Amino acid sequence: MRTLKFAVVGLLTLIVAACRTVPVENITHHTFPAGAERLSLAQIEESIIKATSDRDWLITRQSEGELIATYSPRSHIAKVKIDFDTTEFSIVYLDSTNLNYDGSSIHYNYNRWVNNLRQDILREVSAKAALAN
């Protein structure tokens, strides 16, 4: 009986943890690393596309300085808009499926995916800027 109680409590804990939501964190006006100002807008875009592709995000180019990125692990879908120029970029929530978005909060994995994307973009731009010397 005691084992059954522990099993039920453990199962309930897993269910609650799987559904946990947090406030959506948009990344706005994040500056590129030093040296990026030497890159053209096309080179910045190439770096962003490489960073997103390396993380299995699918990219659609909307216009100059604007990309739509879609990530779909398992049964989830996250869609963000990436705006950029030669000095800064933003990653902003657009849409999602199966991420419990309620207008301000979303499944906790979403912010981790976007933060990983931010870090990868910064790394790719920095690497391209270093090669531009």
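Q: Where does Asn 111 sit?
A: Asn 111 is part of helix H3. Keep in mind that this is a predicted model.

Q: Is Asn 111 buried or exposed?
A: Asn 111 counts as buried, because its relative accessibility is 10% and the cut-off for buried is under 20%.

Q: And which residues does Asn 111 touch?
A: Leaving out residues up to four places away in sequence, Asn 111 touches Val 22, Pro 23, Val 24 and Glu 25.

Q: OK, zooming out. How many helices and strands are in the protein?
A: The protein has three helices and seven strands. Along the sequence they come in the pattern α-β-β-α-β-β-β-β-β-α.

Q: What share of the residues counts as buried?
A: Of the 133 residues, 36% count as buried.

Q: And how much area does the protein expose?
A: About 7900 Å² is exposed, and carbon and sulfur atoms supply 54% of that.

Q: What about contacts between residues far along the chain, what's their share?
A: Taking the contacts with a separation of 6 or more, 57% are between residues 24 or more positions apart.

Q: Back to H3. How do the axes of H2 and H3 cross?
A: The axes of H2 and H3, where H3 covers residues 108–131, come within 8 Å and cross at roughly 135°. H2 and H3 are therefore oblique to each other. As for handedness, H2 passes H3 in a right-handed crossing.

Q: Which residues meet there, between H2 and H3?
A: On the H2 side they are Gln 43, Ile 44, Glu 46, Ser 47, Ile 48, Lys 50, Ala 51, Thr 52 and Asp 54. The H3 side brings Leu 117, Asp 120, Ile 121, Glu 124, Val 125 and Lys 128. By class, the contact of H2 with H3 has six nonpolar, three polar and six charged residues.

Q: Glu 46 is in that list. What's the place of Glu 46, and is it buried or partly exposed?
A: Glu 46 is in helix H2, which runs over residues 41–54. Glu 46 is partly exposed, with a relative accessible area of 46%.

Q: And how far apart are Glu 46 and Glu 124?
A: From C-alpha to C-alpha, Glu 46 and Glu 124 are 9.0 Å apart in space, with their positions 78 residues apart in sequence.

Q: Changing topic: where does Gly 65 lie?
A: Gly 65 lies in the loop between strand S3 (58–63) and strand S4 (66–71).

Q: A loop glycine, then. Buried or exposed?
A: Gly 65 is buried, with a relative accessible area of 9%.

Q: What does Gly 65 touch?
A: Not counting residues up to four places away in sequence, Gly 65 touches Leu 41, Glu 45, Ile 82, Asp 83 and Phe 84. As for Glu 45, its C-alpha atom is separated from that of Gly 65 by 7.3 Å, and the two are 20 residues apart along the chain.

Q: Now backbone angles. What is phi of His 29?
A: Phi of His 29 is near 50°, a positive value in a residue other than glycine. His 29 is in strand S2, residues 27–31.

Q: Is His 29 buried or exposed?
A: His 29 counts as exposed, at 55% relative accessibility.

Q: And what about phi of Asn 98?
A: Asn 98 has a positive phi of about 60°, although it is not a glycine. Asn 98 is in the loop between strand S6 (88–97) and strand S7 (105–107).

Q: How accessible is Asn 98?
A: Asn 98 counts as partly exposed, at 47% relative accessibility.

Conventions: Residues are numbered from 1 along each chain as its sequence is written. This is a predicted model: local features need pLDDT of at least 70, side-chain atom pairs count only at pLDDT 80 or more; totals for chains, interfaces and linings use all residues. Side-chain values use heavy atoms; hydrogens and water are left out. Helices (H or I, at least four residues) and strands (E, at least two) are DSSP runs, numbered from the N terminus. Buried means under 20% relative accessible area, exposed over 50%, partly exposed in between (1.4 Å probe, protein chains only). Contact means heavy atoms within 4.5 Å. Accessible areas come from the Shrake-Rupley method with a 1.4 Å probe; for residues, only the protein chains shown count as cover. Axes are lines fitted to C-alpha atoms, for helices over the stretch in contact, and angles run from 0 to 180 degrees between N-to-C directions. Angles under 35 degrees count as roughly parallel, over 145 as roughly antiparallel, 65 to 115 as roughly perpendicular and the rest as oblique. A crossing is left-handed if the near helix is turned anticlockwise from the far one by less than a right angle, and right-handed if clockwise. Ala, Val, Leu, Ile, Met, Phe, Trp, Tyr, Cys and Pro count as nonpolar, Asp, Glu, Lys and Arg as charged, and the others, Gly among them, as polar.
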